[in-house]
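Subject: Structure handover

Hello,

Here is the structure I promised you. Please open it and keep it on screen while you read my notes.

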Amino acid sequence: MKISDRDVLLVIDVQNDFCTGGALAVPDGEKVVPAVNRIAQKFANVVLTQDWHPDDHVSFAPNHARKQPFQTIELDYGTQVLWPSHCVQGSSGAEFHRDLEVARANLVVRKGFRRGIDSYSALFENDRKTPTGLLGYLRERELKTIFVAGLALDFCVRFSAEDARKAGFEVAVIEDACRGIDLDGSCATAHRSFAELGISVVSFEALL
Ligand SMILES: [Zn+2]
């Protein structure tokens with residue numbers, strides 16, 4: 001598979017809190033780092049996202065009476081999963097994994113920084129209409145195919161890939177450069193959605 005100068009690698013949330021020992025660890029989350037670093041060498045355009053919450057964020061279970069992590073609540077914009085507190089702005093948990101080659105990135109997009117709304121997607125917050133600005137960046141720079149890697153496959157990777165596809169981009173999820181949380185079959189749901197929307201699923205070796 002040939003990568004052009006108009007393609008972009010979108011690396012989702014490779015942060016300490018999503019890796020082993022972190023507050024919301026994705027199983028083997030840190031194992032995406034060597035793959036992401038290798039693939040990134042092939043791209044002229046690399047964008048990183050960083051989950052970046054205030055400590056009173058609405059998605060944090062401890063901010064709700066009698067709620068446990070992974071339960072849900074209903075908000076104006078729909079059902080929201082409650083998570084352990086994670087990726088608090090300025091905390092070490094919110095930092096990128098120390099082995100991630102951040103210097104390769106042309107852009108870092110922070111998301112989830114508004115107290116009352118979560119943002120799984122790198123393009124739109126969870127109300128599905130508040131833009132993060134990334135879509136404008138991709139369009140203005142006339143980028144073509146979005147290759148998505150990172151954490152977690154079944155949440156932020158999935159929603160980012162879906163939004164990019166719905167916005168008209170070609171999208172490929174680099175499956176073995178992602179890891180999932182797999183809450184109630186959410187990895188299988190993500191794969192079904194990729195197939196329905198015409199999102200390719202590729203292996204990172206195919207890009208080397
Ligand atoms: Zn978050």
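Below are my notes on strands, cavities, a pocket and one histidine. Please keep in mind that this is a predicted model.

**Strands and crossovers**

Start with β6, which covers residues 145-151, and β7, which covers residues 170-179. These two strands run parallel, and six bridges join them. To find the pairing on screen, look for T145, which stands opposite E170 in β7. How does the chain get from β6 to β7? It passes through helix α3, residues 153-166. This β-α-β crossover is right-handed.

Now move on to β8, residues 200-202. β7 and β8 are also parallel, with three bridges between them. Here V173 stands opposite V201 in β8. The chain leaves β7, goes through helix α4 (residues 186-197) and arrives at β8. That β-α-β crossover is right-handed too.

**Cavities**

How many cavities of 30 Å³ or more are there? The count is two.

The largest cavity holds about 110 Å³ of space. Its lining is made of 14 residues. Nearest its centre lie F18, L24, W83, Y120 and C156. By class, the lining of the largest cavity has 10 nonpolar, two polar and two charged residues.

The second largest cavity holds about 30 Å³. Its lining consists of V11, V36, N37, A40, V46, L48, L100, E101 and R104. Which elements each supply at least two of these residues? They are α1 (32-40) and β2 (45-51). The largest share comes from α1, with three residues. Six residues of this lining are nonpolar, one is polar and two are charged.

**The largest pocket**

Next, turn to the largest pocket, with a volume of about 160 Å³. It is lined by T72, Y77, T79, Q80, V81, Y120, N126, R128, F155 and F159. Two or more of these residues come from β4 (78-81), and two or more from α3. You have met α3 already, as the helix in the crossover from β6 to β7. The largest share of the pocket lining is three residues, and β4 gives them. The classes are mixed: five nonpolar, four polar and one charged.

Y120 is worth selecting on screen. It is among the residues nearest the centre of the largest cavity. Y120 also lines the largest pocket.

**One histidine**

Last, find H57. It sits in the loop between β2 and β3 (72-75). Is H57 buried or exposed? H57 counts as buried, because its relative accessibility is 0%, and the cut-off for buried is under 20%.

What does H57 touch, leaving out residues up to four places away in sequence? The list is N63, G112, R114, R115, I117 and D118. For a sense of distance, compare H57 with L134. These two are 77 residues apart along the chain. Their C-alpha atoms are separated by 22 Å.

**Where to start**

I suggest this order. Trace the path from β6 through α3 to β7. Follow it with the path from β7 through α4 to β8. Then colour the linings of the second largest cavity and the largest pocket. Finish with H57 and its contacts.

Best wishes

Technical notes:
Residues numbered from 1 in each chain as written. Predicted model: local features only at pLDDT ≥ 70, side-chain atom pairs only at ≥ 80, totals over all residues. Heavy atoms only, no water. 1 Å grid on protein atoms, 1.4 Å probe; cavity = no way out; pocket = protein on both sides within 12 Å on 5 of 7 lines; lining within 4 Å. Points joined across faces, edges and corners; volume = space filled by probe spheres on them. Nonpolar A, V, L, I, M, F, W, Y, C, P; charged D, E, K, R; others polar. Helix = DSSP H or I, 4+ residues; strand = E, 2+ residues; numbered from the N terminus. Pairing = 2+ DSSP bridges. Right-handed = clockwise from strand over helix to strand, strands pointing away. Buried < 20%, exposed > 50% of the residue type's maximum accessible area, 1.4 Å probe, protein only. Contact = heavy atoms within 4.5 Å.
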